[in-house]
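The report below reads a protein chain from its sheet outward to its side-chain pairs. Please keep the sequence and the structure in view while following the text.

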Amino acid sequence: MRVCLAAAASLLLAAPLAAQDKEKICRDVENSPMTVGTWATYNWTGGQTAGSTMRVAVVGKEPHQGTTYYWYEVIIDDPKRPKSKMIMQMLVPGLGVQAGNVRAIVTKSGDQPAMRLPEQMVRMMAGNRGANVAAEIARSCHEMDVVGWEQLTVPAGSFRALHLRHARNGMDVWIKPDLNFALVKTVMKDGGTMVLAGQGAGAKSSITETPREMTGLPGAPPPH
């Protein structure tokens, strides 16, 4: 009888403890320090982005009005379509909700010249949360439901991570806050799966040329 009571008590306590873990982990992810040089790579299988890879990194920093901003780089690459490689660099004060405070954006598509976006387009793209999976998860962490702690193995190693599920969009994520960018695995609603393939330090900007200033907005009529 005592064993049964103890087992029942542990089951009752498990969910609240996991929820407390989630709130702390979400805060840790949101407030994770941005360290220049840190990087993480992810592999995609299944879904619309099957076969592609993503690398996120912090590749520089600069001060603005007493606040340190960081150049946060996202590279999405599909080996089957080398000309589709996309590099986006965003100047932000941090990950999570802070990643929405974008001061500048530089993009490079395939072998096209790197372009620095005008302020109006920066404001438009800052609201496009889907462009940055790691930051989107950091932002929506508090909205997710706890599934529980799980041990999982990915190409980068074996990790004990907190499994969360987003009821609204059906996304499952596994996060571990002491990793670079915290994300271990993501399963999207369309079946696409993204797993951590590697992480480390020493990352540098993947854009070596001086970006050109983009004038106006794509599709806008030329000035008379």
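Which residue is the bridge partner of Y42 in β2? In this predicted model, the residue of β2 that forms a bridge with Y42 is M54. That bridge belongs to the pairing of strand β1 (residues 39-45) with strand β2 (residues 53-64), which is antiparallel and runs over five bridges.

**The sheet**

The protein chain contains three helices and twelve strands, and the twelve strands form an open sheet of mixed pairing, in the order β7-β8-β9-β10-β11-β1-β2-β3-β4-β5-β6-β12. Because β7 and β12 each have a single partner strand, they stand at the edges, and one side of each is left without a neighbour in the sheet. In general, strands of a sheet pair through backbone hydrogen bonds, in either a parallel or an antiparallel sense.

Strand β1 has β2 as one partner, joined to it in the antiparallel sense, and β11 as another, with seven bridges between β1 and β11, again antiparallel. Within the pairing of β1 with β11, A40 stands opposite Q199.

The side chains of a regular strand alternate between the two faces of the sheet. Strand β1 shows such an alternation: A40, Y42 and W44 point to one face and are buried, whereas W39, T41, N43 and T45 point to the other face and are not buried. Both residues whose partners were named above, Y42 and A40, therefore belong to the buried set, since buried means under 20% relative accessible area.

**Salt bridges**

The structure holds six salt bridges, and three of them are set out in the table, with the separation given between nitrogen and oxygen atoms.

| Pair | N to O distance | Relative accessible area, basic residue | Relative accessible area, acidic residue |
|---|---|---|---|
| K24 and D28 | 2.9 Å | K24, 47% | D28, 32% |
| K108 and E209 | 3.0 Å | K108, 14% | E209, 31% |
| R168 and E143 | 3.4 Å | R168, 61% | E143, 45% |

The side chains of D28 and K24 meet in a salt bridge at 2.9 Å. Both residues lie in helix α1 (residues 2-30), and because they are four residues apart there, about one helical turn separates them. D28 is partly exposed at 32% relative accessible area, and K24 likewise counts as partly exposed at 47%.

The salt bridge of K108 with E209, at 3.0 Å from N to O, links distant parts of the chain: K108 is in strand β5 (residues 104-109), while E209 is in the loop between β11 (193-200) and β12 (212-213), 101 residues apart. K108 counts as buried at 14% relative accessibility, whereas E209 is partly exposed at 31%.

R168 and E143 form a salt bridge whose closest N and O atoms are 3.4 Å apart. This pair also links distant parts of the chain, with R168 in the loop between β8 (157-165) and β9 (172-175) and E143 in the loop between α3 and β7 (145-154), 25 residues apart. R168 is exposed, with a relative accessible area of 61%, and E143 is partly exposed at 45%.

**Two further buried charged side chains**

R139 is placed in helix α3 (residues 133-140) and is buried, its relative accessible area being 12%. The C-alpha atom of R139 is separated by 9.0 Å from that of V29, although the two residues are 110 residues apart along the chain.

D78, in the loop between β3 (67-77) and β4 (86-92), is buried as well, with a relative accessible area of 10%. When neighbours within four places in sequence are left aside, D78 is in contact with G51, S52 and S84.

**The chain as a whole**

Of the 224 residues in the protein chain, 41% are buried. Among contacts between residues at least 6 apart in sequence, 49% join residues at least 24 apart. The protein chain exposes about 12300 Å², of which carbon and sulfur atoms supply 56%.

Technical notes
Residues are numbered from 1 along each chain as its sequence is written. This is a predicted model: local features need pLDDT of at least 70, side-chain atom pairs count only at pLDDT 80 or more; totals for chains, interfaces and linings use all residues. Side-chain values use heavy atoms; hydrogens and water are left out. Helices (H or I, at least four residues) and strands (E, at least two) are DSSP runs, numbered from the N terminus. Buried means under 20% relative accessible area, exposed over 50%, partly exposed in between (1.4 Å probe, protein chains only). A salt bridge is a side-chain nitrogen of Lys or Arg within 4 Å of a carboxyl oxygen of Asp or Glu. Two strands pair if DSSP finds at least two bridges between them. Contact means heavy atoms within 4.5 Å. Accessible areas come from the Shrake-Rupley method with a 1.4 Å probe; for residues, only the protein chains shown count as cover.
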